[in-house]
Amino acid sequence: MLTYSLFQLATHVFHHVERIENEKLSAIKDLIVRKEKWSPYVKSKWEEHAKHSARFQCTDTGDDKWEVRNKVSGKCNIVEFRSPCPSCDCNRFKASLLPCSHICSAITANPSCNEVYDVQNLHPRWRLVYHPLHRMAMVSLGLMAPTGNGTTNSVDDADNTAIAIYSTLTVPKSETKRYNILSQLWKQAMQQAVHA
Ligand SMILES: [Zn+2]
């Protein structure tokens, strides 16, 4: 049976992540070339929500707030027009930060707004320019000058960094203890995901 050291496994995971990052970089470069301001995922969700915007009756209640009422159920949500983008008190918006059907409806009703599909209506979390790989993609396309001292991280540098980080890790000898720590971390991650 083949056995691998923790370092070999970590290196394998690192190269796997690196390959995924390269695929992401290539996708972002493609979007920049096509002058897109958000991803196809955002586009599909946004269009899907906008399709339902005719279901609501919108009323300006002042202070940059709009009441968005479902014409059938009467359920009411509040859309606020504040920087950096319009927000809604519905769970869909709070969970995804994507423009929900209430926001799309309020934008259409608000005369001080431009068209629905404007980057100003999109939370910065989804704007392409804020993607962690956007700068790298721009530099790679020759649309932005590289910053810093001009040196780039070589694969060797990355490997050396990985070894340095690995050597600082301390792992409990007891299998039960390792399991308990992982289980604890998993519970914390789950809680963070639920309350995010
Ligand atoms: Zn909403």
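How many bridges join strand β3 to β4, and how do the two strands run? The points below take this up along with the rest of the fold.

1. Status and overall content. This is a predicted model. The protein chain holds seven helices and four strands. Along the sequence these elements follow the pattern α-α-β-β-β-β-α-α-α-α-α.

2. The pair β3 and β4. Strand β3, residues 76–82, is joined to β4 by four bridges, and the two run antiparallel. They form a hairpin with two residues between the strands. Two of the bridge positions can be named: R82 stands opposite C85 in β4, and V79 has C88 of β4 as its bridge partner.

3. The pair β2 and β3. Strand β2 covers residues 65–70 and is connected to β3 by five bridges, again in an antiparallel arrangement. K65 is bridged to E80 in β3. Five residues lie between the strands of this hairpin, and in it G74 takes a positive phi near 80 degrees.

4. The sheet as a whole. The four strands make an open sheet, ordered β1-β2-β3-β4, with antiparallel pairing. Its edges are β1 (56–62) and β4 (85–88), each of which pairs on one side only. On average, neighbouring strands of the sheet are turned by 25 degrees against each other, direction ignored. As a general matter, strands of a sheet pair through backbone hydrogen bonds, either parallel or antiparallel.

5. Helix α1. This helix spans residues 6–33, which is 28 residues. From its first C-alpha to its last it reaches 41 Å, close to the 40 Å expected at 1.5 Å a residue. Is α1 largely buried or largely in the open? Of its 28 residues the number buried is one, so α1 lies largely in the open. For burial, the cut-off is 20 or more other C-beta atoms within 10 Å of the residue's own. Just after the helix, K35 takes a positive phi of about 60 degrees.

6. Burial and contacts over the chain. What share of the residues in the protein chain is buried? Of the 196 residues, 13% are buried. Among contacts in the chain with a separation of 6 or more, 53% are between residues 24 or more positions apart.

7. Positions to look at in the viewer. For backbone geometry, the residues with positive phi named here include G74, in the hairpin of β2 and β3, and K35, just after α1. For strand register, the pairs to display include K65 with E80, V79 with C88 and R82 with C85.

Note on methods
Residues are numbered from 1 along each chain as its sequence is written. This is a predicted model: local features need pLDDT of at least 70, side-chain atom pairs count only at pLDDT 80 or more; totals for chains, interfaces and linings use all residues. Two strands pair if DSSP finds at least two bridges between them. Axes are lines fitted to C-alpha atoms, for helices over the stretch in contact, and angles run from 0 to 180 degrees between N-to-C directions. A residue is buried if 20 or more other C-beta atoms lie within 10 Å of its own, exposed if 12 or fewer, and partly exposed in between; C-beta atoms are placed from the backbone. Two residues are in contact if their C-beta atoms, placed from the backbone, lie within 7 Å. The expected span of a helix is 1.5 Å times one less than its number of residues.
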